[in-house]
Amino acid sequence: MKSLSLLVGSLIGLFVLLEFVIFRFALPAADLPLLSVDSSKIIRYQENQTGTYRLQSEINARFQINEQGWNSKHKSYSKAKTPGVLRICIIGDSYVEALQVDFDQSVAERLEEEFHERGIQAEVYRFGLSGAPLSHYVYWLEREVFQFQPDLVIINLVHNDFDQSITPARGTYSRSFATVKKTEGEFILTEPISYSRNFSWWVKKRAIFRYLWVREQISPDTLRALFEKVARLLKNSDNSGGNKKVESATRSSDPNPVTSSVRATTDFLFSVLRDVARVESLPVMLVMDGNRGASSPNAILGKLNKMVQELAYSYQLPLLDLSELFAKDYAEHQRAHQFRFDGHWNAYAHSLVAGAIYSFISEEILLHLNK
């Protein structure tokens with residue numbers, strides 16, 4: 001009994017030391033903005049939060065959650081418009097949320113700077129949350145973004161936006177995203193469930209969690225993957241080289257991500273965006289992520305880019321595909337577009353994409369806005 005009490009006391013002491021000293025001062029954990037709990041179905045962050053998102057020794061970025069619950073350099077989004085000031089709203093997931101770069105260095109803020117440098121008064125509001133799919137971008141557009149009276153809406157697409165519009169990725173707030181369902185032969189956009197806090201909210205507030213899971217990326221999944229990798233290496237070292245040839249010969253070809261359901265769902269969502277653009281006389285522009293850096297072109301991702309190109313063309317939605325931009329830039333400058341330990345755009349890529357969007361807008365859309 002005495003030994004048990006000593007063990008429990010030691011564990012409590014270790015927890016206190018790690019939670020309130022080590023992972024707050026000596027090895028500071030990553031800060032995470034907390035989600036808002038309200039009666040609305042617009043999932044967003046709790047207003048007026050600041051902090052520093054950290055990932056290993058590579059990312060040390062400040063975030064600023066404004067009065068409306070979005071990470072932005074604008075401390076508040078105004079519903080009233082200033083005459084003569086162009087207002088652009090960008091919708092997306094973690095690439096628009098952009099916790100990986102300082103809050104004034106995301107594609108939205110850099111795009112605003114592109115306009116200002118050319119003497120054009122503009123303000124760029126962003127609406128982004130990690131894990132959100134294309135289906136929820138449409139929901140945000142209709143239920144949140146319209147009230148800010150944008151002159152142009154930009155939908156930023158990444159490769160997991162399409163299948164996750166049908167089945168969201170597993171997560172503590174995935175039920176709070178709108179998805180697409182097919183009922184009696186027709187597609188509908190489902191109503192999301194209002195976010196509510198559970199035990200995971202308490203866990204995510206702990207410095208121990210935010211250091212090990214977020215900053216150092218040590219999770220049960222990563223540990224399991226590491227153990228499996230070691231087991232494979234040990235197994236291969238015990239086998240002859242002939243087995244590797246058999247494995248290579250029997251390996252299945254790359255799966256096609258553009259299933260009939262993914263294409264049909266994307267077709268439906270693009271048709272909604274087309275209808276919104278017509279009814280509201282509001283240009284809606286698409287930006288599609290591309291393969292980055294030194295990597296060879298990914299055939300799987302390329303199929304999704306091709307699907308987006310085809311459907312955007314059929315619905316007359318202006319599309320900027322970033323594939324060529326990233327490939328050309330890397331060939332010329334040999335600079336990475338993402339972090340070593342994180343697949344999101346780095347600050348250089350955010351700036352690069354902002355410049356490309358500005359050029360595309362000035363050529364394709366500004367003439368429409370000036371009519």
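Me: In which order do the strands of the open sheet come, and is the pairing parallel or antiparallel?
Reply: Generally, strands of a sheet pair through backbone hydrogen bonds, either parallel or antiparallel. Here five strands make up an open sheet in the order β4-β3-β5-β8-β9, with parallel pairing. The edge strands are β4 (122–128) and β9 (319–321), each of which pairs on one side only. From one strand to the next, the twist averages 20°. As for terms, helices (H or I, at least four residues) and strands (E, at least two) are DSSP runs numbered from the N terminus, and two strands pair if DSSP finds at least two bridges between them. Axes are lines fitted to C-alpha atoms, for helices over the stretch in contact, and angles run from 0 to 180 degrees between N-to-C directions.

Me: Anything I should know about the model itself?
Reply: It's a predicted model, where local features need pLDDT of at least 70 and side-chain atom pairs count only at pLDDT 80 or more, while totals for chains, interfaces and linings use all residues. Residues are numbered from 1 along each chain as its sequence is written, and side-chain values use heavy atoms, with hydrogens and water left out.

Me: How many bridges join β3 to β4?
Reply: Strand β3 (residues 86–92) runs parallel to β4, and seven bridges join them. To find one such bridge, go to Ile90, whose partner in β4 is Arg126.

Me: Which strands does α3 lie across?
Reply: Helix α3 lies across β3, β4 and β5 (152–157), running at about 170° to β4. Helix α9 (residues 260–280) also packs on the sheet, touching β5 and β8 (284–288), and its direction makes about 145° with that of β8. Contact here means heavy atoms within 4.5 Å.

Me: Which residues of α3 are buried?
Reply: Buried means under 20% relative accessible area, exposed over 50%, and partly exposed in between (1.4 Å probe, protein chains only). In α3 (residues 107–117), the buried set is Val107, Ala108, Glu109, Leu111, Glu112, Glu114 and Phe115. After the helix comes Gly119, with a positive phi near 75°.

Me: What do β1 and β2 form?
Reply: A hairpin, with three residues between the strands; Gln56 in the turn has a positive phi of about 45°. β1 and strand β2 (residues 59–65) run antiparallel, joined by seven bridges. Leu55, for one, has Ile59 as its bridge partner in β2. The other hairpin to look at is made by β6 and β7, with two residues between them and a positive phi of about 50° at Glu184 in the turn. Strand β6 (residues 180–183) and strand β7 (residues 186–189) pair in the antiparallel sense over four bridges, and Lys182 has Phe187 as its bridge partner in β7.

Me: Is Tyr53 buried or exposed?
Reply: Its relative accessible area is 9%, so Tyr53 is buried. Tyr53 lies in β1, a strand with six of its seven residues buried. Beyond neighbours within four places in sequence, the contacts of Tyr53 include Leu32, Leu99, Gln100 and Val214. Ala30 sits 23 residues from Tyr53 in sequence, yet their C-alpha atoms are 4.8 Å apart.

Me: And what is the relative accessible area of Thr52?
Reply: It's 16%, so Thr52 counts as buried too. Thr52 lies in β1 (residues 49–55), and its contacts, leaving aside neighbours within four places, are Ala30, Asp31, Asn60, Ala61, Arg62 and Phe63.

Me: How many helices and strands does the protein chain have?
Reply: The secondary structure comes to 13 helices and nine strands. Of the chain's 371 residues, 46% count as buried.
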